[in-house]
Amino acid sequence: INVAIALKNWALSGKLLRDLSISLWELFAAFGASVIIGIPLGVAMGWSRNTEYAFDPFIWLLYSTPLVSFWPLFIIWLGIGTKSIIALAFLFSVVQVIINTMAGVKNIDPVLIRCARSFNAGSMDLFFKFILPGSLLMIIAGLRLAIGRALIGVIVGELFSSNAGLGFHISYYGARLRFSDVFAGLFMVVLVGIATTQAIRLIESRLTRWRI
């Protein structure tokens, strides 16, 4: 009951809409950048062994490193605020996109590729008719993981240095031991996580109807 009252007061004050919109903007900016950079790089690494050898050490370095440790560098380079939060969330999510995309491309049956080339299929035909459809499920699985990790990055960044957003709300009221308001913030974070994950699942069902 206390959490519901805290949510109501948060909404009536107008701060809920502000905090939610700021966190969503940071989330989608970071996730969008991960998609734009991660998918092409993952395809290139899965398709070209030289590209994989060039980028693989850096990708696995990011995968195995506690990414929060990069936060002081982002503060120095980008300052306190939205840019640093988006950069941290991007770093949290882009690795998942790259790794899953690369794995999806590598798992395509090479016999199909050789067969297509024997019928004079060009690079664009190979990409749009074989590589992209064949790796689509792995790519979407990576996106589903990435959106959750991007949300973690946003909340962590807002906990450390922000004056608005869901993470700031949790940090602000946690410092004042107002647990009802803290749980209200946690409830909104969970709600955003569920909504974004289900949105990607809906996109997946639309894009993979051809498999039925």
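## A guided tour of the predicted model

Begin by selecting D181, which counts as buried because its relative accessibility is 11%, under the cut-off of 20%. The structure on display is a predicted model, and the tour moves through it by selecting a few residues at a time.

**Stop 1: the partner of D181**

Keep D181 selected and add R178. The side chains of these two residues meet in a salt bridge, with 3.2 Å from N to O. R178 is partly exposed, with a relative accessible area of 42%. The pairing therefore joins a partly exposed residue, R178, to a buried one, D181. As a general point, side chains of opposite charge can pair when their charged atoms come close.

**Stop 2: L177**

Select L177 next. This residue lies in the loop between α8 and α9, the latter covering residues 179-207. Is L177 buried or exposed? L177 is exposed, because its relative accessible area is 59%, over the cut-off of 50%. The backbone also deserves attention here: L177 has a positive phi of about 55°, although it is not a glycine. For comparison, most residues other than glycine have a negative phi.

**Stop 3: helix α8**

L177 follows α8, so select that helix now, residues 166-175. Which residues of α8 are buried? They are L166, G167, H169, I170 and Y173. These residues lie on the same side of α8, because they cover an arc of only 160° around the axis. Turn the view to look along the helix axis, with these five residues shown as sticks.

**Stop 4: the second largest pocket**

Keep α8 in view, and select W10, K15, H169, Y172 and Y173. Of the 13 residues that line the second largest pocket, these are the closest to its centre. H169 and Y173 have already appeared among the buried residues of α8. The pocket holds about 240 Å³ of space. Which helix gives the largest share of the lining? That helix is α8, with four residues. At least two residues each come from α1 (2-12), α2 and α8. By character, the lining divides into five nonpolar, three polar and five charged residues.

**Stop 5: D19 and R18**

Select R18 and D19. Their side chains meet in a salt bridge, at 3.2 Å from N to O. D19 counts as buried because its relative accessibility is 3%. R18, at 37%, counts as partly exposed.

**Stop 6: the largest pocket**

Now select G46, W47, V105, K106 and I108. Of the 13 residues that line the largest pocket, these are the closest to its centre. About 300 Å³ of space lies in this pocket. Which elements give two or more residues to its lining? They are α2 (15-47), α3 (49-64), α5 (82-106) and α6 (110-118). The lining is made up of seven nonpolar, two polar and four charged residues.

**Stop 7: E52 and K106**

K106 is one of the residues closest to the centre of the largest pocket. Leave K106 selected and add E52. The two form a salt bridge, and their closest N and O atoms are 2.6 Å apart. The pair links distant parts of the chain: E52 belongs to helix α3 and K106 to helix α5, 54 residues apart. E52 counts as buried, as its relative accessibility is 13%. K106 is partly exposed, with a relative accessible area of 43%. How many salt bridges does the structure hold? It holds three.

**Stop 8: G81 and M45**

Select G81, in the loop between α4 (71-78) and α5. G81 counts as buried because its relative accessibility is 19%, under the cut-off of 20%. Add M45 and display the distance between the two C-alpha atoms. G81 and M45 are 36 residues apart along the chain, and their C-alpha atoms are separated by 33 Å.

**Stop 9: L136 and V3**

Finally, select L136, in helix α7 (residues 123-160). L136 is buried, as its relative accessible area is 15%. Add V3 to complete the tour. These two residues are 133 residues apart along the chain, and 41 Å separates their C-alpha atoms.

Technical notes
Residues are numbered from 1 along each chain as its sequence is written. This is a predicted model: local features need pLDDT of at least 70, side-chain atom pairs count only at pLDDT 80 or more; totals for chains, interfaces and linings use all residues. Side-chain values use heavy atoms; hydrogens and water are left out. Buried means under 20% relative accessible area, exposed over 50%, partly exposed in between (1.4 Å probe, protein chains only). The arc is that of the directions from the helix axis to the C-beta atoms. On a 1 Å grid over the protein atoms alone, a cavity is a set of points where a 1.4 Å probe fits but cannot get out, and a pocket is an open set with protein on both sides within 12 Å along at least five of seven lines; lining residues have an atom within 4 Å of a point. Grid points are joined across faces, edges and corners, and a volume is the space filled by probe spheres set on the points. Ala, Val, Leu, Ile, Met, Phe, Trp, Tyr, Cys and Pro count as nonpolar, Asp, Glu, Lys and Arg as charged, and the others, Gly among them, as polar. A salt bridge is a side-chain nitrogen of Lys or Arg within 4 Å of a carboxyl oxygen of Asp or Glu.
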